[in-house]
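Hi,

Here is the structure I promised to pass on. Have a look at it first, and then read my notes underneath.

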Amino acid sequence: MKYITLEEVCEKKTSNISQKDLKENQGNYPIYGASGLIKNVNFYTQDKEYIAIVKDGAGVGRTMLLPSKSSVIGTIQYIIPNNLLNIKYLYYAIVSMELSKYSSGATIPHIYFKDYKKEKIALISKSEQNKVVNILDTIIDVINKKKNQMELLEELVKSRFIEMFGDPIRNDKGWEITFMNKISIKRGEYGSNKSSKVYDGGYRYIRITDIKENGTLKEEKVGVMDEEIEVQKYKLEEGDILFARSGATVGKTFLYRKKYGNCIFAGYLIRFKLNLNRVNPYYIKHYTDTEYYKKWIKNYQNIVAQPNINAKQYGKELKVLLPPLSLQNEFAEFATKIDKLKFEAEKSLKEMENLYESLMQKFFKQN
């Protein structure tokens, strides 16, 4: 197979447009920055579809395929192929190169075409390029649909929560108001301060960074030092809920279920062992997804060196609406069904993402 370099098949152009040039400018043509669309203006610099690469600042190396009759600001450079390449094929090829590896600069990272112009692309016929593009486009379409499905399922649970329990801020259904300490068997407990270690199949160590934004756990696992001693105090049990107490993700929550296996929780997390005769853990977990909870977190952060909310504040100051347990259980049954659908969608998404990565390797990495 023949390989060619980027400089052999591409023309590089730069932009001298700055943000200040756009202040009073309004129109119908999009102009893009490192994070995507900035606004619409009354001019454009490219009349055909083109590839744009962030060359300065945050997102350096990010590659975008942009539409005709559009522009980019000066932190981005244009890449335009000659007639040997399908532009979408070139786009996927450049994405596979992971150009951020070429970034330099201590204060403001940057890359330039000269840094990566020797990167090679497999030169195949136009018809073969089109086949590659069609395959990858199809996979990306499925990935986006799976992500959209998961977002819709999340919104469905949130909508059902409000439908059943009302807005916690207004408490328009007049539920009893209580606090975390009053619906827990014991007050909030801080986790282990032991160091992590390579996971050996024993107890998993759950730290703030192991919890994803959607409240599930990352795939990568670590263990904990002095596991046998720590398990006596910090072992998680079905229905335990964890609150992040410090850092940028303060307020993040995790509901432990047996499906996660044996786990110990770390020191920057606070555990509440819920009284199951009063509350359903699923209800409490989804209560922490409401706007009320998010606003409470924002208001109660003690900003010193970093945001912090301690166990006392969670236990005595976080208001919780307490509808009848039967209604909570009904919601939990619904949420459990949705969780199963989300699990299947996430599993399918992961398979498609793995397939995409595998095909990118096959199509664009040299043997």
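Before anything else, a word on naming: helices (H or I, at least four residues) and strands (E, at least two) are DSSP runs, numbered from the N terminus. By that scheme, K312 belongs to helix α8, which covers residues 311–317. Please keep in mind throughout that this is a predicted model.

**K312**

Is K312 buried or exposed? K312 has a relative accessible area of 56%, and the cut-off for exposed is over 50%, so K312 counts as exposed. If you want to place K312 relative to another residue, try T216: the two are 96 residues apart along the chain, and their C-alpha atoms are separated by 25 Å.

**The pockets**

T216 also turns up in the largest pocket, where K212, N214, G215, T216 and L217 are the residues nearest the centre. That pocket has a volume of about 1400 Å³, and 42 residues line it. Which elements supply at least two residues each to that lining? They are α4 (126–165), β16, α6 (281–287), α7 (291–300) and α9 (325–364). The biggest share comes from α9, with 8 residues. Sorted by class, the lining holds 24 charged residues, 10 nonpolar and 8 polar.

The second largest pocket contains about 230 Å³ of space. Its lining is made up of T63, Y91, V95, S96, E98, Y356, E357, M360, Q361 and K365. Here α2 (87–97) and α9 each bring at least two residues, and α9 again gives the most, with 4. By class this lining splits into 4 nonpolar, 3 polar and 3 charged residues.

**Helix α2**

Since α2 helps to line that second pocket, I looked at the helix itself. Of its 11 residues, 9 are buried, so α2 is largely enclosed by the rest of the structure. The buried ones are I87, Y89, L90, Y91, Y92, A93, I94, S96 and M97. Two of these names, Y91 and S96, will be familiar from the lining of the second largest pocket.

Both ends of α2 are worth a look. At the N-terminal end, N86 acts as the cap, with a side-chain oxygen 2.7 Å from the backbone nitrogen of K88. After the helix comes E98, which has a positive phi, near 50°. E98 is also one of the residues lining the second largest pocket.

**Helix α5**

In α5 (residues 227–234), the buried residues are E227, E230, V231 and Y234. Viewed down the helix axis, they fall within an arc of 110°, so they line one face of α5. On the other side, E228, I229, Q232 and K233 are exposed. The general background is that an α-helix has 3.6 residues a turn, so residues three or four places apart point the same way.

**Strand β8 and its partners**

How many of the residues of β8 (residues 76–81) are buried? The count is 6 of 6, so the strand is largely enclosed by the rest of the structure. I76, Y78 and I80 point one way from β8, while Q77, I79 and P81 point the other way.

β8 pairs antiparallel with β2 (residues 10–14) through 5 bridges; one to look for is K13, whose bridge partner is Y78. β8 also pairs with β5 (residues 50–54), again in the antiparallel sense, over 4 bridges. In that pairing V54 has I76 as its bridge partner.

**Two open sheets**

One open sheet has 4 strands in the order β11-β18-β15-β16, with antiparallel pairing. Its edge strands are β11 (189–190) and β16 (253–255), each of which pairs on one side only. Further in, β15 (residues 241–244) is joined to β18 (residues 269–272) by 4 bridges, and I241 stands opposite F272 in β18. You have already met β16, as it contributes to the lining of the largest pocket.

The other open sheet has 3 strands, ordered β4-β3-β7, and its pairing is mixed. β4 (36–41) and β7 (71–72) are at the edges with a single partner strand each, so one side of each lacks a neighbour in the sheet. β3 (residues 29–33) and β4 run antiparallel and are joined by 5 bridges, with Y32 opposite L37 in β4.

Cheers

Definitions and conventions. Residues numbered from 1 in each chain as written. Predicted model: local features only at pLDDT ≥ 70, side-chain atom pairs only at ≥ 80, totals over all residues. Heavy atoms only, no water. Pairing = 2+ DSSP bridges. 1 Å grid on protein atoms, 1.4 Å probe; cavity = no way out; pocket = protein on both sides within 12 Å on 5 of 7 lines; lining within 4 Å. Points joined across faces, edges and corners; volume = space filled by probe spheres on them. Nonpolar A, V, L, I, M, F, W, Y, C, P; charged D, E, K, R; others polar. Buried < 20%, exposed > 50% of the residue type's maximum accessible area, 1.4 Å probe, protein only. Polar contact = N/O pair within 3.5 Å; in protein donor to acceptor, adjacent residues only side chain to side chain. Arc of directions from axis to C-beta.
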